[in-house]
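Thanks for making time this morning. I would like to walk through one model with you, going from a few backbone details towards the interior, so please have the picture open as I talk.

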Amino acid sequence: MSDLLRTTIAGSLPRPVWLAEPEALKGAWKLSGEALEDGKRQAATEWIAHQEEANIDILTDGEVFRTHFVHAFLEGIDGIDQDKKTLMGIRDNRYDLEVPTVTGPLSRPKSVHVDDFKFVRSLTDRTLKFTLPGPMTICDTIADAHYGSRPKMAMAFAELLNAEAKELEAAGADIIQFDEPAFNVFFDDVNEWGIDTLHRAIEGLTCTTAVHICYGYGIEENLKWKETLGDEWRQYEKIFPALNESKIDQISLECADSHVPHSVMGILKDKMVMVGAVAVTPDKVETPEEVAATIRSAIEYVDPERILPCTNCGMTPIPYDIALGKLHSLSAGAAIVRSTL
Ligand code: ZN
């Protein structure tokens with residue numbers, strides 16, 4: 001029975017206040033040089049221990065090595081002018097951001113995250129997932145002055161992600177997850193080329209693969225956007241049919257404290273479903289009973305064998321103690337339901 005309802009997290013966890021500016025999307029490092037590298041490893045060590053203590057089954061490094069889930073990967077890629085900033089509307093103009101610009105052919109001179117991953121792999125024998133930004137979301141977070149076509153640039157990024165993923169797999173990653181919040185915005189693009197680029201990114205991998213699709217971090221811009229989406233958020237309906245046909249093994253969705261009708265999970269009849277059972281709200285920890293209620297609701301549409309209770313999204317921008325509390329509630333809530341199955 002212990003294989004049922006294995007818990008996991010979307011990916012990121014807050015970096016400790018001594019390491020980086022807290023409760024910010026791109027909080028600046030407070031250390032530098034060797035002290036910074038030591039600090040990142042210390043933060044990862046603590047979060048691995050916290051996740052194990054909280055009985056999370058599928059762990060991540062908490063993304064504590066990165067300032068931002070997309071830009072940290074892009075910093076290791078050639079063909080991008082980090083100083084040529086372009087003002088760009090992000091996620092269909094939900095908010096504006098100054099972003100770097102692609103100015104030439106993209107290449108990956110060496111692995112970006114693999115050394116950090118190897119360190120984290122040495123810390124735990126549990127199932128370990130590594131998260132990478134998805135090709136479409138990268139292209140919605142960087143300006144293009146070279147490719148002239150978003151699908152073309154996304155495919156170029158997918159090739160580089162595939163090379164990185166293969167090295168992560170060789171270093172012991174059990175699951176590689178691609179984060180694609182842009183999938184919840186550009187539905188036609190997902191169906192026309194987004195899933196093709198994901199397939200390129202996972203080509204040749206033998207480990208489990210996953211895609212995380214959410215309504216974004218709990219930041220003000222996203223909260224305002226959510227208010228415009230009405231009482232029923234049916235966005236997932238537009239992309240889940242194609243994702244169920246895809247080669248990706250695990251699909252995530254937001255369920256906790258959201259207006260997503262849980263019936264959309266019924267579309268993912270051939271997939272493992274990462275059910276968001278804690279929200280990324282900065283001020284409230286769900287009770288285990290609330291988590292259990294969300295999981296029970298999911299079981300109406302998905303067999304418990306295919307459910308992985310998860311967080312709605314990354315927890316980078318929320319307070320450390322709140323995130324820790326949410327980990328404990330997540331596993332306690334899953335245990336409540338497991339005991340009744
Ligand atoms: Zn997310």
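Glu23 counts as partly exposed, because it has 15 C-beta neighbours inside 10 Å, and I should say at once that the model we are looking at is a predicted one. Glu23 lies in the segment before helix H1, and what draws the eye there is its phi, near 50 degrees, a positive value in a residue other than glycine. As background, most residues other than glycine have a negative phi. Asn55 offers a second case, with phi near 65 degrees, and its place is the loop between H1 and strand S1, residues 58–59. With 14 C-beta neighbours inside 10 Å, Asn55 also falls in the partly exposed class.

Let me step back to the whole chain for a moment. The secondary structure comes to 10 helices and 10 strands, and the C-alpha trace spans about 55 × 45 × 40 Å along its principal axes. For 341 residues a compact globule would have a radius of gyration near 20 Å, and the 19 Å of this protein agrees with that. Of those 341 residues, 46% count as buried, and if we take the contacts between residues at least 6 apart in sequence, 78% of them join residues at least 24 apart.

Now to the strands, beginning with the hairpin. Strand S2, residues 78–90, and strand S3, residues 95–107, run antiparallel and are joined by eight bridges, with Asp78 standing opposite Ser107. Four residues lie between the two strands of this hairpin, and there Arg91 takes a positive phi near 50 degrees. The hairpin belongs to an open sheet of three strands in the order S2-S3-S5, with mixed pairing, whose edge strands are S2 and S5, the latter covering residues 143–144, each pairing on one side only. The pairing of S3 with S5 is parallel and rests on two bridges, and Val102 stands opposite Asp144 in S5.

Which helices and strands do the buried residues of helix H3 pack against? H3 covers residues 114–121, and Asp116, Phe117 and Val120 are buried in it. Seen down the helix axis, these buried residues fall within an arc of 100 degrees, so they line one face of H3. In general, an α-helix has 3.6 residues a turn, so residues three or four places apart point the same way. The partners of that buried set are H1, which spans 33–53, strand S4, which spans 127–133, and helix H5.

That brings us to the interior, and to strand S8, residues 250–254. All five of its five residues are buried, so S8 is largely enclosed by the rest of the structure. Gln250, Ser252 and Glu254 point one way from the strand, while Ile251 and Leu253 point the other way. On one pairing, strand S7, residues 208–212, runs parallel to S8 and is joined to it by two bridges, with Val211 as the bridge partner of Ile251. On the other, five bridges join S8 to strand S9, residues 272–278, again in the parallel sense, and here the partner of Ile251 is Val273.

Both Ile251 and Val273 come up again in the largest nonpolar core, which has 93 residues and in which they are among those with the most contacts, together with Phe157, Val275, Ala277 and Ile295. Helix H5, residues 150–170, gives the most to this core, with nine residues. As a general point, nonpolar side chains in soluble globular proteins tend to be buried together. If we leave out residues up to four places away in sequence, Val273 touches Ile251, Met265, Leu268, Val302, Arg306, Ile307 and Leu308.

I will finish with Leu198, which sits in helix H6, residues 187–202. Is Leu198 buried or exposed? With 26 C-beta neighbours inside 10 Å, Leu198 counts as buried. Setting aside its neighbours within four places in sequence, its contacts are Gly134, Pro135, Phe178, Val211, Ser246 and Ile248, and Val211 is the residue we met as the partner of Ile251 in S8. Leu198 and Glu159 are 39 residues apart in sequence, and the C-alpha to C-alpha separation between them is 9.7 Å.

Key
Residues numbered from 1 in each chain as written. Predicted model: local features only at pLDDT ≥ 70, side-chain atom pairs only at ≥ 80, totals over all residues. Buried ≥ 20, exposed ≤ 12 C-beta atoms within 10 Å, placed from the backbone. Pairing = 2+ DSSP bridges. Rg over C-alpha atoms; globule rule 2.2 N^0.38 Å. Contact = placed C-beta atoms within 7 Å. Core = buried A, V, L, I, M, F, W, Y, C linked by C-beta atoms within 7 Å. Arc of directions from axis to C-beta.
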